[in-house]
Amino acid sequence: MHDMNVRMRINGESVTLDVPPNEVLLDTLRTRLGLTGTKDVCRTGDCCACTVLLDGRAVNSCLMFTAEANGSDILTIEGLTQNEKLHPLQEAFVEEDATHCGYCTPGMIMSAYALLQENPNPTRKDVEEALAGNLCRCGTYYSAVNAVLKASQKLKQNLRSSSLAFRKSEQVDSCSLSFQLHHSWRSIPVD
Ligand code: FES
Ligand code: FES
């Protein structure tokens, strides 16, 4: 079998690889690219520990050939952290003690991330349904759902703070504009 040339964007970076046609995305991420946050458990689509986002959709990376991801945008758990700051979902999982051995946690967080992208105001039932496929041997389900609900609040709060900051900067701009207009008006020579 000849290797196939595959181009993807992974966590915002362009990646070009030659991979065997039967290599699954999970192995490409973990073994070739060292992105071991995506977990390898059942390899049969039953546990969702290997969940990543493919063009915004949560998928089981153990069930997908890497070649099928050609041209796609992939987000893994490593891509959620920005400038070494945890994503609000990651923070909430820590705060709600929703991670025990932690093996299922990246998959849960990626499923939750996909949910919040689609529905920023989920009910408890929405969250339970979104995480229904993510198996956890340590039984963190209740805390994990709490964490996702908490993260949705945090994200809304962040959005409110940034739109407030934006409005303030607009006010500063309009103040400086009126100041400039005032001065340009005064500088017009009066004959
Ligand atoms: S490792 Fe992919 S679903 Fe379990
Ligand atoms: S925290 Fe251990 S499997 Fe979920």
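## Helix H2 against helix H3

Helix H2 crosses helix H3 in the right-handed sense (the near helix is turned clockwise from the far one by less than a right angle; anticlockwise would be left-handed). The model is predicted: local features need pLDDT of at least 70 and side-chain atom pairs pLDDT 80 or more, while totals for chains, interfaces and linings use all residues. Residues are numbered from 1 along each chain as its sequence is written, and chains are lettered from A and ligands numbered from 1 in the order in which they are written.

H2 covers residues 88-95. Helices (H or I, at least four residues) and strands (E, at least two) are DSSP runs, numbered from the N terminus. The axes of H2 and H3 lie 10 Å apart, at an angle of about 130 degrees (axes are lines fitted to C-alpha atoms, for helices over the stretch in contact; angles run from 0 to 180 degrees between N-to-C directions). H2 is therefore oblique to H3 (under 35 degrees is roughly parallel, over 145 roughly antiparallel, 65 to 115 roughly perpendicular, the rest oblique). H2 contributes Leu89, Gln90 and Phe93 to the contact. H3 contributes Thr105, Ile109, Ala112 and Tyr113. Contact here means C-beta atoms, placed from the backbone, within 7 Å.

## Helix H3

H3 runs from residue 105 to 118 and lies across strands S3 and S4. Its angle to S3 is about 35 degrees. Its 14 residues reach 20 Å from first C-alpha to last, close to the expected 20 Å (1.5 Å times one less than the number of residues).

How many of the residues of H3 are buried? The count is 12 of 14, and H3 is mostly covered. A buried residue has 20 or more other C-beta atoms within 10 Å of its own; 12 or fewer makes it exposed, and anything in between partly exposed, with C-beta atoms placed from the backbone. Among the buried residues are Met108, Met110, Leu115 and Leu116.

## The sheet

Five strands make an open, mixed sheet in the order S2-S1-S5-S3-S4. At the edges are S2 (13-19) and S4 (57-60), each paired on one side only. The average twist is 40 degrees from one strand to the next. Strands pair if DSSP finds at least two bridges between them.

S1 (residues 4-10) and S2 run antiparallel, joined by 7 bridges. Asn5 has Asp18 of S2 as its bridge partner. Their hairpin has 2 residues between the strands, and Asn11 takes a positive phi near 50 degrees. S1 also joins S5, in parallel, through 2 bridges. There, Ile10 is partnered by Ile74.

## Strand S3 and its neighbours

S3 (residues 51-54) pairs with S5 (residues 73-75) over 2 bridges, antiparallel. Leu54 has Ile74 of S5 as its bridge partner. S3 and S4 are also antiparallel, with 4 bridges. One partnership links Thr51 to Asn60. The S3-S4 hairpin has 2 residues between its strands, with Asp55 in the turn at a positive phi of about 50 degrees.

Thr51 and Leu53 point one way from S3, Val52 and Leu54 the other. All of these are buried.

## Val41 in the loop

Val41 sits in the loop between helix H1 (25-32) and S3. Is Val41 buried or partly exposed? Val41 is partly exposed because it has 17 C-beta neighbours inside 10 Å. Leaving out residues up to four places away in sequence, Val41 touches Cys47 and Ala49. Its C-alpha is 9.0 Å from that of Cys62, 21 residues apart along the chain.

Note on methods
Contact = placed C-beta atoms within 7 Å.
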